[in-house]
Amino acid sequence: MAKVGGVMGIWLTEDSILAVAEKVKNAGYHKFDAITPYPVHGMEDACGLERSWIPWVTFFAGLTGCLFGLWFTWWTSAVNWPINVGGKPMWSLPAFVPVIFELTILFAALASVGALFAACGLPRVDPPVVDPDLTSHKFGLIIYESDSKYNSNDIEAMFKQSGADAVHKVSEY
Amino acid sequence: MQTDVNENSSTPKYWLSLEQWRNDEGFKELAQREFLSSPLAEDNKTPAGGWARREFLQLMGASLALSTFGCVRRPVEKIVPYAKRPKEIIPGLPNYYASTFVDGYDVVGTVVRTREGRPIKIEGNEFYPGSGEGLSARGQAQILSLYDPDRLTGPVQNLVNAKRTNKDTVSTNWVKAESALKAALGEGGVYVLSSSNPSPTSRSIIEKFVAQGKGKYFEFDILDRSTFINSQGRVTGTEIMPSFDLSAADVIVGIDADYLGTGVASTAHQRAFALRRDPGGSMNHVIQFESMMTLTGTNADERYAIKPSEQLAIALKLAESICIQMGVSFPFAWREIYGSFNDTIKGFPFAKKLNSIAEKLVKAKGKSLVITGAEASMTQNQSAVYDVVNFINGVLGNDGKTVKYSNSVSSVRGSVASLNELISLMNQELVKTLIIHNSNPLYTLPEASGFRSALAKVKTVFYTGDRVNETGIGSNYIIPDHHPLEKWMDVENISGVLSLSQPTIQPLYDTKAFEDILLQTLGSTQTWNQTVKASTLAKVGGSEKSWVQFLQKGVYGTVENSPKSGRSYNGSPLKIRLDEAADFELVLYTTVGIKDGTLANVSWLQEFPDPITKICWDNYLCISPKTALDSGLNEGDVVALTSNGITLDVPVHIQPGLNDRVLALALGYGQKAAGKVANDIGVNAYQFAAIEKDQIIYSGMNAKFKKTGQQIALANVQGHHSMEGRQIVVEATLKDILEDPQAGQHKHKVFSLWSEHKYLGHKWGMAVDLSKCNGCGACMIACQAENNIPVVGKRHVLNGREMSWIRIDRYYTGTPENPDVVYQPLMCMHCDNAPCETVCPVLATVHSDEGTNDMVYNRCVGTRYCANNCPYKVRRFNWFNYSKVSNPLKMVLNPEVTVRSRGVMEKCTFCVQRVKAKKTEVKLADRKLQDQEIKTACQQTCAAEALVFGDLNDPSSEVSKMQRSLRSYSLLEELAVMPAVKYMSKVRNVSQLKGADNHKKGGHH
Amino acid sequence: MIKKLIGAVVVLAVLAGIYTFFHLLVNNKLSIGYNKGYQPTQPLPFSHKLHSGELGLDCKYCHASAEVSRHSAIPSLNVCMNCHINLNKESKYLTQLKEAYNSGDSIAWVKVHMLPDHVKFNHAPHIKAGKDCQTCHGPVEQMEKVYQHSDLSMGWCISCHREQMDSAAHSSIIEEVKNKDQGQDSKKHVPSIINCSTCHY
Amino acid sequence: METYRKPLIVGNKTLKDVTDDIASLVETPPGLGWLTMILGSSSVFLFYIIVIGIIVGTGMGLMGVSHPVGWGTDIVTFVFWVGIGHAGTLISAVLYLFRQKWRTSIARSAEAMTVFAVATAGIFPIIHTGRPWLAFWLFPYPNQRGPLWVNFRSPLVWDVFAISTYATVSVTFWYVGMVPDLATLRDRAKGLRRLIYGVFSLGWRGRARDWGHYEMVYLLLAGLSTPLVLSVHSIVSFDFAVAQLPGWHTTIFPPYFVAGAIFSGFAMVVTLMTLVRIAVPEFKKYITIDHMELMNKVIMTTGMIVGYAYGSEFFIAWYSGSKYEVYAFVNRAIGPYWWAYWTMITCNVVIPQIFWFRWARRSIPTMFVVSIFVNIGMWFERYVITVTSLHRDFLPANWGMFDMTFYDFGVLIGSFGMFFTLFLLYIRAIPAIAIAEIKPVLGFGKGDHNGGHHG
């Protein structure tokens, strides 16, 4: 992806970052993001983010796993080489349920994590560091230059007056 | 068709390379350490020369060595074809040779199966009168003695000392040994001592030899039967060992007889006996008075635990009341003695029964039989007991009907008298040279007999044994005879019936037929082989054709069947010795497996659990539960046993059904120089025996014991001895069975949740008739021989790790004082709904479309889940690399059966290799498979014909018929595993079952 | 966008690759870790091309026991001598052969077709079923020096046995058997050739 | 649980304090205590490896297992560790779904314990086979044998799928939860450490959208793990329940095993947490006595569930009227292995009852001792089920006994060496408490809005 820079403000409390996010959203900005050391409750609303789409991946992956398990157990023990085991029917479905179940879970779980990586652009080799404490106890908010209303000075001013601890010009984040 | 397998010598390095290949699969030395307890632990030292010359190894060896290691590693393999292939040998196909197994007095016609010139299995010869296809455990095990690693590989000279106790031998050559013998012959005073020699030709040669050497030929058996023959002489005038026809007897009373287990012609007896244990036909009634629990006793309908000193009283009492009932006069000469027993007889717990037993005998006169003669009967008054018993048979008119003197057992020839004569001759130093053949007197004869000291006076002693055993140590030259399977021999066991044993392999080692040596020394031009042929040819009809027929059939002549009129019986005075009652009487007995100890170095027999006690790898002092309680002894406690002034430390085994005053100890153990397997196992009970002028005393000696405080763990293969009221062996009385064939069974309604699989074509199954099975255990060894089942050694047996694919469970019912015994052969049941298959993760055990439960060793990863889930626990696991067998033992392996490696499960396969072989044969011949054409190893060897294998899809097959019988039931039916093996209930010819209460408890499940 | 496309293509390609690999492997088109093509040097350069191909000797003349036994068996030297006793072509190999024969200590040939010991293969029924030696051993009559033609893997055996089970002949037997109660009166018996115990016991 | 408002984390920690406290354990050089512990445990681990080497090289015969007792220490200990491996996922997943905030302080370590316990357990099914080098045959992979697949009817194959799935998923779950913390460490670290943590934190940035997806996936994983964790021990119990052996063939096994697993798992967590609290005093602020008390409550409850299962087993055995079943259970209580049975009852049912008393629930020494007893008891539970059922089954003739050999004890003790070695290494390498998870609940119970309304 092309590198997109912007202006980032740093705040020290959860409440202020929430407030700022609200403010920025209401100010009509769209291309902005908050950076927090931990999931801040209510941040999605504040930034106006829609619900994650990953559950769909999970669902269909799970479905695939289930169907694969069903087909595989059936094909191996009833089609490819049917063998009389303990006088049981070739396709002893009840006995295959555990395997099918486990495959369902496995597919679903791995797919979800895969989706997460895709969604968050992970793994990333050289993540830009604006302030190392952003993963500890500071909160940041960045407005990207790709935003239609982007104007670094206005933004800096806005951040300042909303009590930013610091404001950085960022070449990329 | 003599096996002229020709001599190709191969490159020994080929073998070494193979060994190396086998050795490099990891941690071998650890494995070695693990095996120290196991007879298989020896490293693969190859005996000098010998086996390496056998061409079949060149052919089969590679595949044997490859074992069950998958397609992973591929060493370069060599194939060495024959230079000149003997026409009768086709690589991959077995050849069969008729032979004869001589085991004391149990002589059985056999057929030896060979592969590429290598004997791998012995089976009964169906043409042999009496025993037929049946073969005892010992007969099956004989094959392994051929490959015994401890056999001498050539003649040796012993640097004897004055006492003749020197162990150092130097190997010599035949020239030296024979020249020594020649010199001795010239010198005169040449005597020969051997056990009963059943070969007329051999006897004549020996006689000729000793005549030349101005000596004498003595025959003597340590398990002596001469006193019985003498008694026959006293009572009837003819000194013979009659043969008994059990199939003709409706009532059999045994007084310390073991005609099924270890007695004369026991294999034949088992067959005849089983014929009369079929509730369908007329079932015999069997009564047994015995002081040690024997195989016979456990199969009796009524069994009374007595002590040896009571035999005579019982015999006389029976004789007396029979005489009264038959209106015959009771011999006057006996009255006084009889009177002296009055109180004893009144004292019997079964005193009242004796009259009714006599009644039963009289009712069945002419079709009854009173029998005795086991070691337990050899008290100081044995001849008196024998006289009375013979007299009773006479009075009952059994003579010529159930007691046959027309076809007497002519192979019983040895006598105590001759032994004593020899000893006295030696003491007078008249014996310059003694040749000891086919016996081990220095081990068997107690010191008190004075044989050793007498032997010290003999100048040169030759010994024909195949190892440096006790006698070997005591002799100057050991000139090893061929193994019976390497040697020509004509055998006349039953007079008028001639059988032959022919070489099945070129002699493995530098041995020589004893008779050949004699002939050579005598300067005869004929070889032993020619002599045998010449002398036998005449008897079998003279022509070359008849000779070939004889070789093919293995038997010539028939058993006299027309009943002879009885001989005249007279009650000659009894010579008896009465001393005051001892508080314990010692009984020395022989076991089915070890018997006199001749095959003691065969590991199969050492690990063969005794049918009654189920203990292997030891002999032990049997004491009654009450005695144990009184003297505070537990199983395995070691006591110091004293009798005849000798004291030995033995562990005790608590034996239900033993008289409280009896101590019993097995003979044949405690050998010091028999070989790696047998050495120092148990104690030598022969030391307690007493050799008298004309009798050996094994029974009734005054004995006492003292607790030593030590403990010896006895390797018992059975965990528990009561059926806990479960329906395992269904028992019923004859009366009940005749009313309701299902008597004693509790049927369960079993159904399946899914549709069963269809079995087109064959569906193999088996039926086991528990009424016929007498528990002798021949099937176990047959299976071991057929299926390459390893021996694991005492330590592992103690851990429950014995490998037997078929085992015989023995349960006691009723009270410990006087229990009934039931036997149940248990092999894989090949269940249609096999629990083992369902749980195997890798499909290593699955069902074939012929209904068998296949076990694929090479697929098995060894989770042991199948064994856990098998309700019958018939699966065995290779805890270590048991299959790593040392040479030459390796040569006994059956190439048709995979040798299992470490870590895989194994079990009974219904001898699938035999099934496959027959099916191929049928296919190649474009014909249809007949019922009973395929026999499993266990079925084939079973003299009682209790096991029957066959096709369940064939309604006319024997097995289908048996399984349809209402008497048959499936074991643990309620589990709905649908076994392909079914049992037929055990029927006793009694009015009331001892274990009856158990079975009531065994009600509904 | 392009990246995504390439990514997708790569993924698909990989998946397809895996599938084909497994397909070939499972259907025995592909053999890994078997001795296929093994061509050891023999103590004497016996030429099947000459004897079988050019001179047209029948395989079973030397490998006689193949028809009756499990082993096709390397011929014993006296079989060679049947001809070579008279055929005295000058050759050091022939002299070696004769020495071996006269001394009686035979020749240690190197085994080419090796089955592990837990596989109980039996030549006789296969010959009886009308299989040519070439079906498994390949064009031996053209081999100067014999090599292993088939991979002799379990899958290889099974695939052929499966064909038999699916063959018309087999189903006709089944029919006959079904009609004639459990096949007891039927001349033929149902071949059970796809069991574990067919080869492993 | 949150009927009373008590702070989950005491000592008014600021966000920075939290980071520093937790990170310090990873960033400061190890103390003497840790060194001695790792030395001890790793030498036991080494011994373990040697013992396994000898067994695999020589044969299963070295161990006590025999005929009829085909399964012994290996399987017993396997089930034991798998059981322990359940508490972690349970705490992190199930309690997460139930919005139990108090889980945050212990979740990370509990999950770590799960992962290591499962790893330890995973060894046993392999080494208990006769030919471990062929154990891979249990996986249905395409092959040239026909192809020959596996028997999907066999509980052992179910095990293979269950255990491997469980291991994979719980590792993933654990790791995903770890990523933000690794990022934190990355940003605090310099040089090589920075590189390493950089790699493992996958370049996490913590943008709002990231957190959105992140929390969603975490929820999904929790949702998936919950049925998974229940299925796994049910399937392990099938190893026994599916067999027809009296004493194994029981429908009660799945719930009974799961309860047992939670029971033993929580006990092990208590053991470890008490140790961690001792080792790192600062953690007392995060893993408070309240946390411990809550866990003790769970232990007592599950302990009673297990006790109930023991009781109902006997009832059903009697009620079934099957003499084999009846015998199997009577034999457990008064047969040759009575001592094992009564050890189990004492440790699992009797001793935990002490937690009825508040002081006991809140006394560190008491709970430590009790948790140890519970672990012993749960090992014996599996011993009783496996050995006493096998040693006397249908046919009395092949009844037998099972005696542990040196090698049995070797693998048993050795497995603990492995487990503790891994756990100690984890303590020093990864934040033992989930930093990013604990921060939101910092103010919890202080009347502040965070989490307040999740009650």
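Colleague: In this predicted model, is B:Ala265 buried or exposed?

Modeller: A residue counts as buried when its relative accessible area is under 20%. B:Ala265 has a relative accessible area of 17%, so it is buried.

Colleague: Where in chain B does B:Ala265 lie, and what is its phi?

Modeller: B:Ala265 sits in the loop that runs between strand S10 (251-255) and helix H8 (266-275) of chain B. Its phi is positive, about 55°, although the residue is not a glycine.

Colleague: What can be said in the same terms of B:Lys873?

Modeller: B:Lys873 is not a glycine, yet it has a positive phi of about 50°. This lysine is placed in the loop between helix H28 (865-869) and strand S37 (876-877) of chain B. With a relative accessibility of 1%, B:Lys873 counts as buried.

Colleague: How many helices and strands does chain B have, and how is its overall form to be read?

Modeller: Chain B contains 32 helices and 42 strands. For overall form, one compares the radius of gyration with the value from the globule rule. Chain B has a radius of gyration of 28 Å, and the rule gives 30 Å for 1005 residues; the two are close, so the chain is as compact as a globular protein of that length. Its C-alpha trace spans about 80 × 75 × 65 Å along the principal axes. Of the 1005 residues in chain B, 69% are buried.

Colleague: What does the same reading give for chain A?

Modeller: Chain A has five helices and four strands, arranged from the N terminus as β-α-β-α-α-α-β-α-β. Its radius of gyration is 25 Å, well over the 16 Å that the globule rule gives for 173 residues, so chain A is more spread out than a compact globule. Along the principal axes, the C-alpha atoms of chain A fill a box of roughly 80 × 30 × 30 Å. Buried residues account for 51% of this chain. Among contacts in chain A with a separation of 6 or more, 78% are between residues 24 or more positions apart.

Colleague: How are two packed helices described?

Modeller: One gives the angle between their axes and the distance between the axes. In chain D, helix H2 (residues 32-58) and helix H4 (residues 104-127) pack at an angle of about 15°, with their axes 12 Å apart. That angle makes H2(D) roughly parallel to H4(D), and their crossing is left-handed.

Colleague: Which residues make the contact of H2(D) with H4(D)?

Modeller: H2(D) contributes D:Tyr48, D:Ile52 and D:Val56, while H4(D) contributes D:Ile123, D:Phe124 and D:Ile127. These residues divide into six nonpolar, no polar and no charged.

Colleague: At what angle do H11 and H13 of chain D pack?

Modeller: Helix H11 (residues 338-350) and helix H13 (residues 364-391) of chain D pack at about 140°, their axes being 8 Å apart. The crossing of H11(D) and H13(D) is left-handed. Residues that meet there include D:Trp339 and D:Met344 in H11(D), and D:Phe373 and D:Glu381 in H13(D). The residues of this contact comprise twelve nonpolar, three polar and one charged.

Colleague: Which peptide bond leading to D:Pro68 is cis, and where is that proline?

Modeller: The bond from D:His67 to D:Pro68 is cis, with omega near 10°. D:Pro68 belongs to the loop between H2 and helix H3 (73-97) of chain D. The bond from D:Gly146 to D:Pro147 is also cis, with omega near -5°, and D:Pro147 lies in the loop between H4 and helix H5 (155-188) of chain D.

Key. Residues numbered from 1 in each chain as written. Chains lettered and ligands numbered in written order. Predicted model: local features only at pLDDT ≥ 70, side-chain atom pairs only at ≥ 80, totals over all residues. Heavy atoms only, no water. Axes fitted to C-alpha atoms, helices over the stretch in contact; angles between N-to-C directions. Helix = DSSP H or I, 4+ residues; strand = E, 2+ residues; numbered from the N terminus. Parallel < 35°, antiparallel > 145°, perpendicular 65-115°, else oblique. Left-handed = near helix turned anticlockwise from the far one by under 90°. Contact = heavy atoms within 4.5 Å. Nonpolar A, V, L, I, M, F, W, Y, C, P; charged D, E, K, R; others polar. Rg over C-alpha atoms; globule rule 2.2 N^0.38 Å. Buried < 20%, exposed > 50% of the residue type's maximum accessible area, 1.4 Å probe, protein only.
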